[in-house]
Amino acid sequence: MARALITGVTGQDGRYLARLLHGKGYEVFGLVRGQNNPKIDILHRELPFVTVLNGDLLDLSSLLRAFAASDPDEVYNLGAISYVAYSWENAMLTTDVTAKGVLNMLEALRLHSNGDVGRIRFYQASSSEMYGKVQEVPQSESTLLWPRSPYGVAKVFGHYMTINYRESYGMHASSGILFNHESPLRGPEFVTRKISSAVARIAADLQTTLTLGNLDAQRDWGFAGDYVDAMWRMLQQDEPDDYVISTDETHSVREYLDLAFARVGIDDWSPYVEQDPQFMRPAEVDLLIGDSTKARERLGWKPTISFEQLVHMMVDSDVARVNGTAVEH
Ligand code: NAP
Ligand code: G4F
């Protein structure tokens, strides 16, 4: 039985990935941080097959213990401070966790492998946020990086450190440059989930107003379930590499609003939506659209859920939650 260690197992992607790997017959270990983390209950309830290991990306010795306890064949480093807006207010913490945390994981792997680094495959969760002020449209693996947030800068560090450990030590370390991916498990701070949950509450007369920031931003939004499959495919390749994972389509926040409100029968959302400067960013990433040709050709990967299906899935899930008929995702 292959063994996988996942950091960030309590997050959106970690939960989808844990389920995918379990379905493929892996023994799954998940790193969970903090004292009495409330999300442990979610894991026990939804993913009882995950062996929970206590540790923190900031604490190398805890990572070494996690490697010793799991002795993994594959490691998926998904743990991060992942909310871009928060990263300006907590730039140093974001750098410690999202940048230096990657280095801690790579060092833990190197030390644990005792000179045989090739036996453990490593996935790093890089991000399209690294493209920031985009230098090319669409963005591919060779597009120049120009991050626009402390989060983006931290991800660039992790990305290049992963490449450096691959080139320095011959590590099977791959980096997935994933564009935005969403699901009913998306955190409520992200715009897609913020909209879907508000739409469900507005439809149920529990809320009257949704306050947002920049409605013109464009993102390449896919479904998280598809994207964790791409992570797994990367680690099944003979050679490690870097891959863009995206739908290769872009849509604005306004288009997301159109589809989300229409799903509950509201064609004109303007009476419900307000804009507030507090949700504007010091530097915005205006447009993201990926070119995932390499992943499609070499990994045989492609997205299975369209933008419209994704919006409907998220709104329907939140409507079910509000009505007390929620199903597991
Ligand atoms: P998420 O839901 O925010 O999950 C982040 C995970 O990181 C959580 O499990 C969190 O634990 C954990 N974490 C935070 N600080 C940690 C620390 N100090 N030590 C150990 N774990 C820590 O993020 P996601 O959407 O699943 O994304 C997964 C990864 O992909 C992240 O690295 C993200 O930056 C990257 N990414 C995401 C997207 C996207 O669109 N979703 C796109 C590109 C890249 P708690 O639950 O305890 O807070
Ligand atoms: O949903 P968001 O917060 O996601 P963002 O910043 O694109 O970051 C996500 O995707 C990255 C991949 O590119 C990941 F690396 C990262 O970890 C995260 O998962 O914001 C999307 C867009 C932004 O342009 C933002 O300015 O929506 C705009 N927006 C407008 N109003 C808002 C709001 N975003 C949020 N969170 N809240 C608003 O009220």
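**View 1. The shell around ligand 2 by residue class.** Of the residues in this shell, 10 are nonpolar, 6 polar and 7 charged. Keep in mind that this is a predicted model. The shell has 23 residues, and those that come nearest to the ligand are Ser127, Ser128, Tyr151, Arg281 and Glu284. Ligand 2 sits between two domains, since domain 1 (3–181 + 223–245) and domain 2 (186–219 + 249–288 + 305–322) both give residues to its shell.

**View 2. Polar contacts of ligand 2.** Here's who touches what: Arg219 puts a polar side-chain atom 2.8 Å from an oxygen atom of ligand 2. The backbone joins in too, with a N or O atom of Gly213 lying 2.8 Å from a nitrogen atom of the ligand. At Val191, a polar backbone atom is 2.9 Å from a ligand oxygen atom. On its own, ligand 2 has 710 Å² of accessible area, and the protein covers 96% of that.

**View 3. Tyr76 and Tyr123, one of 10 aromatic pairs in the structure.** This pair is tilted, with 6.2 Å centre to centre and 40° between the planes. Tyr76 belongs to strand 4 (residues 74–77) and Tyr123 to strand 5 (residues 121–127), so the two are 47 residues apart. Tyr76 is buried at 0% relative accessibility, and Tyr123 is buried at 0% as well.

**View 4. Tyr83 meets Phe190 edge-to-face.** The ring centres are 5.5 Å apart and the planes make an angle of 75°. Tyr83 comes from the loop between strand 4 and helix 4 (84–89), and Phe190 from the loop between strand 7 (181–182) and helix 7 (191–203), so the pair ties together parts 107 residues apart in sequence. Tyr83 is partly exposed at 23%, while Phe190 is buried at 13%.

Note on methods: Residues numbered from 1 in each chain as written. Chains lettered and ligands numbered in written order. Predicted model: local features only at pLDDT ≥ 70, side-chain atom pairs only at ≥ 80, totals over all residues. Heavy atoms only, no water. Near = heavy atom within 4 Å. Polar contact = N/O pair within 3.5 Å; in protein donor to acceptor, adjacent residues only side chain to side chain. Areas by Shrake-Rupley, 256 points an atom, 1.4 Å probe, with all protein chains shown as cover. Nonpolar A, V, L, I, M, F, W, Y, C, P; charged D, E, K, R; others polar. Domains from an automatic or database assignment. Phe/Tyr/Trp six-rings, centres within 6.5 Å; stacked < 30°, edge-to-face > 60°. Helix = DSSP H or I, 4+ residues; strand = E, 2+ residues; numbered from the N terminus. Buried < 20%, exposed > 50% of the residue type's maximum accessible area, 1.4 Å probe, protein only.
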